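Could you walk me through the features of a protein model one by one, with the rule behind each of them?

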Amino acid sequence: WAMRGALLDRDGVLLLLDEEALYRKALELGAYGAGKERALALLARVVRRVNEAVRTLSVRTLEEEEALFQTLAEEVARELRSPLSKLRGLRYYHFMRPAPGALDLLKSLKARGLKVGVLSNTLPSLKESLVHHGLGEYVDRFYASCALGLAKPDPKAFLLALQDLALPPPEVLYLDDDPENVRVARTLGLRAEVYVPDQPVSLEG
């Protein structure tokens, strides 16, 4: 089987949490009187709320995601007594950064003529998150669990992506930092590997 496609996880493969960006925002918001520790605690609560929305697949569209972040911004601004303008338009991916080697990985996959998809347990704005960090142009298809209504490691999430890519599993490389997702992908016939950022990936075959 010649390799014709690649399916990648996002978090831990292409993007990582940017703790410094989160800390800087807490300093900025805390300066209005509530203090850095209170601001950090509130931002941590926002992260938990976002993770819960992803886990429960309760935010299915970009419009619903917009409404969620508007609500969260208003809550944080009210509790920290900070201007809403400092929070409006913020998204979780503003507190992420490209993983080491992510751009080179995507470029190498595209240089081989592979069809590239990203399958991630995340909110509907998967494409927007990668575009924001300069990676979107190297990805052909975007599969967010919240938009699919299915999350990894459910085999149906992988099968939906494969169906859309129109490629059989043995022709698709799958990279994920979660061994359980890799195990499921292998049972479906994908060429799956546990990925560590900036480590060499075998693209042979």
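What follows is a dialogue between a learner and a teacher about this model.

Q: Before we start, what kind of model is this, and how are residues numbered?

A: Happy to set the scene. This is a predicted model, in which local features need pLDDT of at least 70 and side-chain atom pairs count only at pLDDT 80 or more, while totals for chains, interfaces and linings use all residues. Residues are numbered from 1 along each chain as its sequence is written, and side-chain values use heavy atoms, with hydrogens and water left out.

Q: How do I read burial, and is Val13 buried or exposed?

A: Burial rests on relative accessible area: under 20% is buried, over 50% is exposed, and partly exposed is in between (1.4 Å probe, protein chains only). Val13 counts as buried because its relative accessible area is 0%. Its place is the loop between β1 (5–8) and β2 (15–17); helices (H or I, at least four residues) and strands (E, at least two) are DSSP runs, numbered from the N terminus.

Q: Which residues is Val13 in contact with, leaving aside its neighbours within four places in sequence?

A: Contact means heavy atoms within 4.5 Å. With those neighbours left aside, Val13 is in contact with Ala99, Ala102, Leu105, Leu175, Asp176, Asp177 and Tyr195.

Q: Asp18 is buried; where is the nearest side chain of opposite charge?

A: For charge, Lys and Arg count as positive and Asp and Glu as negative; His and the chain ends are not counted. A salt bridge needs a side-chain nitrogen of Lys or Arg within 4 Å of a carboxyl oxygen of Asp or Glu. Asp18 has no salt bridge, and the nearest side chain of opposite charge, that of Arg24, is 4.7 Å away. Asp18 sits in the loop between β2 and α1 (19–30). A polar atom of its side chain lies 3.2 Å from the backbone nitrogen of Ala21. Leaving aside neighbours within four places in sequence, Asp18 is in contact with Phe95, Met96 and Arg97.

Q: How many salt bridges does the model have by this rule?

A: The count comes to 17 salt bridges. One of them joins Arg38 and Glu79, with the closest N and O atoms 2.7 Å apart. Arg38 lies in helix α2 and Glu79 in helix α3, so this pair ties together parts that are 41 residues apart in sequence. Arg38 is partly exposed at 38% relative accessibility, and Glu79 is partly exposed at 29%.

Q: How far apart are the closest N and O atoms of Glu66 and Arg91?

A: In that salt bridge they are 2.5 Å apart. Glu66 lies in helix α3 and Arg91 in the loop between α3 and β3, so parts that are 25 residues apart in sequence are tied together. Glu66 counts as partly exposed at 42% relative accessibility, whereas Arg91 counts as buried at 13%.

Q: Which residues are linked in a network of salt bridges?

A: Asp9, Lys152 and Asp176 are linked in such a network. Lys152 also takes part in another feature: the peptide bond from Lys152 to Pro153 is cis, with omega near 10 degrees. Pro153 lies in the loop between α6 (145–148) and α7 (155–165).

Q: How is a cavity told from a pocket, and which residues line the largest cavity?

A: On a 1 Å grid over the protein atoms alone, a cavity is a set of points where a 1.4 Å probe fits but cannot get out, and a pocket is an open set with protein on both sides within 12 Å along at least five of seven lines; lining residues have an atom within 4 Å of a point. Grid points are joined across faces, edges and corners, and a volume is the space filled by probe spheres set on the points. The count comes to one cavity of 30 Å³ or more, and about 40 Å³ of space lies in the largest cavity. Its lining is Leu42, Arg45, Val46, Arg49, Leu72, Glu75 and Val76, with α2 giving the largest share, four residues.

Q: How much space lies in the largest pocket?

A: About 580 Å³. Among the 27 residues that line the largest pocket, the closest to its centre are Val47, Val50, Phe69, Arg91 and Tyr92.

Terms used: A polar contact is a pair of N or O atoms within 3.5 Å; within protein, one must be able to donate a hydrogen and the other to accept it, and residues adjacent in sequence count only if both atoms are side-chain atoms.
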